[in-house]
Amino acid sequence: MKQAFSITILMLALGSVLYVLSGSDAIAPTPPNVSAGGENDGLVVYYFDMGKDCSTCLNLESYTHETLTTYFADALANGAIQWRVVDVDVSEHGHFVEDFGLYTKSVVLARYADGAVVAYENLSRIWELVYDKAAYMDYVREQVDTALGANS
């Protein structure tokens with residue numbers, strides 16, 4: 001049991017290092033196989049869930065949702081932003097793991113145009129900021145503001 005835990009921690013650390021080395025926080029071009037899944041055009045803020053939830057994981061979801069409802073209530077109400085919680089362990093949602101390069105629970109901003117994803121960003125800093133709610137919410141707010149600015 002102790003060895004399995006150590007291996008899991010090592011794999012998460014390795015995945016984090018590889019992710020950081022692979023890109024930046026800028027919205028990246030989307031692979032062509034990502035489909036809209038019925039979303040309207042605009043910005044979709046996804047929380048991708050997988051596996052069991054710990055208190056930290058629950059905070060990732062709740063802080064992101066709180067940020068959206070606090071700072072972007074009008075955009076949520078008029079559909080300029082959509083909030084989606086997706087369990088990628090459900091077989092029909094499994095494609096998101098490959099589509100967005102997910103390896104753990106994530107917040108992804110995806111911009112849709114003409115029913116297809118045209119750009120996305122995996123908010124890589126959520127795990128380092130989750131223990132500071134104000135900093136976490138500031139980060140998510142700034143990234144959503146930037147993504148909304150890119151829509152105009």
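Reader: Which residue stands opposite Tyr120 in β5?

Author: This is a predicted model, so let's go by what its strands show. Strand β4 covers residues 106–113 and runs antiparallel to β5, with 6 bridges joining the two. Across from Tyr120 in β5 stands Ala110.

Reader: And in the hairpin of β4 and β5, which residue takes a positive phi?

Author: The hairpin has 2 residues between the strands. The one with a positive phi, near 55°, is Asp114.

Reader: How many residues of strand β5 are buried?

Author: Strand β5 runs over residues 116–122 and is mostly covered. For the protein as a whole, buried residues make up 38% of the 152 residues. In β5, out of 7 residues, the buried ones number 5.

Reader: Back to Tyr120: which residues form one aromatic cluster with Tyr120?

Author: Let's get there through the pairs, of which a search of the whole structure finds 8. One of them is Tyr46 with Phe48, 4.9 Å centre to centre with 20° between the planes. Another is Phe96 with Phe100, a stacked pair too. The cluster joins Tyr120 with Tyr46, Phe48, Phe96 and Phe100.

Reader: What is the angle between the planes of Phe96 and Phe100?

Author: A pair of aromatic rings is described by the distance of the centres and the angle of the planes. For Phe96 and Phe100 the centres are 5.9 Å apart. Planes under 30 degrees apart count as stacked, and this pair comes in at 5°.

Reader: Why does Phe100 count as buried?

Author: The cut-off for buried is under 20% relative accessible area. Its partner Phe96 is buried at 7%, and both Tyr46 and Phe48 are buried as well. Phe100 makes the cut because its relative accessible area is 2%.

Reader: Which residue has its charged end over the ring of Tyr71?

Author: There's an arginine over the face of Tyr139 too: Arg125, at 5.4 Å from the ring centre. At Tyr71 the charged end sits 5.1 Å from the centre of the ring. That one belongs to Arg141.

Reader: Zooming out, what pattern does the protein follow along the sequence?

Author: There are 6 helices and 5 strands to place. Among contacts with a separation of 6 or more, 70% come from residues 24 or more positions apart. Read along the sequence, the order is α-β-β-α-α-β-α-β-β-α-α.

Reader: And what share of the exposed area do carbon and sulfur atoms supply?

Author: The protein exposes about 8,400 Å². Of that area, carbon and sulfur atoms supply 57%.

Methods:
Residues are numbered from 1 along each chain as its sequence is written. This is a predicted model: local features need pLDDT of at least 70, side-chain atom pairs count only at pLDDT 80 or more; totals for chains, interfaces and linings use all residues. Side-chain values use heavy atoms; hydrogens and water are left out. Rings of Phe, Tyr and Trp (its six-membered ring) pair if their centres lie within 6.5 Å; planes under 30 degrees apart count as stacked, over 60 as edge-to-face and the rest as tilted. Buried means under 20% relative accessible area, exposed over 50%, partly exposed in between (1.4 Å probe, protein chains only). A charge sits over a ring if NZ of Lys or CZ of Arg is within 6 Å of the ring centre and within 35 degrees of the ring normal. Helices (H or I, at least four residues) and strands (E, at least two) are DSSP runs, numbered from the N terminus. Contact means heavy atoms within 4.5 Å. Accessible areas come from the Shrake-Rupley method with a 1.4 Å probe; for residues, only the protein chains shown count as cover. Two strands pair if DSSP finds at least two bridges between them.
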